[in-house]
Amino acid sequence: MRCNDGAVDAAGRYWVGTMNDPKVQQPTDEGVLFRLDPDMSLHRMIENVTIPNGIGWSRDNKKMFFIDTPTKNIFVFDFDLASGVISNRKVFFHHPDEEDGGPDGFAIDAEENLWTAICGGWKVLKISPEGKVVGEIVLPTRMISCPAFAGEDLFITSAEEEEPGKYPDSVELGGSLFKVNVGVGGMPLHKFRRG
C-alpha cells in the first residue's frame, strides 16, 4: 500500500487516501481514506477505495469532496467541521463513461468551482458548485494529474504517458508542468495543526 492524495481541513486535520502500489499489483478496492487528527489519532473514514484522489471542502465547511478515480465520480459528503465526521455520500459529478479518463486531483477556486484533472483525458474541467461542466482546458498530453492555484494562475501537473505506442502525441510533454491564467484565485489552503 502507498499514500496517494491528501489535504488538510479547516480544523487542521490531515486527510489522506491509500491504495495498492501499481508497481507491485493492479489497484483494487483495498484502499482507505484516513483522517489524522491534531492529537495524532488516526481514523478510517472511507473503506473500499481503489485510487483515492482529490479531497477538498466548500467555503462554509459543510461539504467535503472526494474522488475515487476508477468510479469516474467526484463524491460529495455532508461534513461536520467540529467533529470531522462525514455522512450522506452522493455523486456530485460523474465523468461520462463514453469519454476517456477519469477525475484525478482538483483545486477549488474562490467562486467554489472545482477544477479537476481528467487523467487519461487530455484536460482539466471546470465544474460549477452545482456539478455542471462550465469550462475546459485542453492540454497537449493525456495523463493530466493535478491542478493548483498560485494567484490567478492554475498550475497543472501531468504524468508520463503510460501507453506511448497507443498515444505517441502524448509522449513528448508527458510529465510536464503547465501554467494557465484562469482569472480567479483559489480557496485558502490549511496547515496541519499538531495538538
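## Burial and the position of D37

A residue is called buried when its relative accessible area is under 20%, exposed when that area is over 50%, and partly exposed in between. In this predicted model, D37 has a relative accessibility of 12% and therefore counts as buried.

D37 is located in the loop that runs between strand β3 (residues 31-36) and strand β4 (residues 42-49). When neighbours within four places in sequence are set aside, the residues in contact with D37 are R13, H43 and F192.

## Salt bridges: E136 and K123

Side chains that carry opposite charge can pair when their charged atoms come close. The structure contains seven salt bridges, and one of them joins E136 to K123, with 3.6 Å between the closest N and O atoms. This pair links distant parts of the chain, since E136 belongs to strand β12 (residues 133-138) and K123 to strand β11 (residues 123-127), the two residues being 13 residues apart.

The two partners fall into separate accessibility classes: E136 is partly exposed, with a relative accessible area of 47%, whereas K123, at 13% relative accessibility, counts as buried because the cut-off for burial is 20%.

## Salt bridges: R142 with E161 and E163

R142 forms a salt bridge with E161, in which the closest N and O atoms are 2.7 Å apart. Here too the pair links distant parts of the chain, with R142 in the loop between β12 and β13 (residues 144-150) and E161 in the loop between β14 (residues 153-158) and β15 (residues 177-181), 19 residues apart. Both ends of this salt bridge are buried, R142 at 7% relative accessibility and E161 with a relative accessible area of 6%.

R142 also forms a salt bridge with E163, and in this pair the closest N and O atoms lie 3.6 Å apart. Because R142 lies in the loop between β12 and β13 while E163 lies in the loop between β14 and β15, the pair ties together parts that are 21 residues apart in sequence. E163 itself counts as partly exposed, at 36% relative accessibility, whereas its partner R142 is buried at 7%.

## A shared network

Salt bridges with partners in common join E99, K123 and E136 into one network. Within this network, the pair formed by E136 and K123 brings together a partly exposed residue, E136, and a buried one, K123.

Definitions and conventions. Residues numbered from 1 in each chain as written. Predicted model: local features only at pLDDT ≥ 70, side-chain atom pairs only at ≥ 80, totals over all residues. Heavy atoms only, no water. Helix = DSSP H or I, 4+ residues; strand = E, 2+ residues; numbered from the N terminus. Buried < 20%, exposed > 50% of the residue type's maximum accessible area, 1.4 Å probe, protein only. Contact = heavy atoms within 4.5 Å. Salt bridge = Lys/Arg side-chain N within 4 Å of Asp/Glu carboxyl O.
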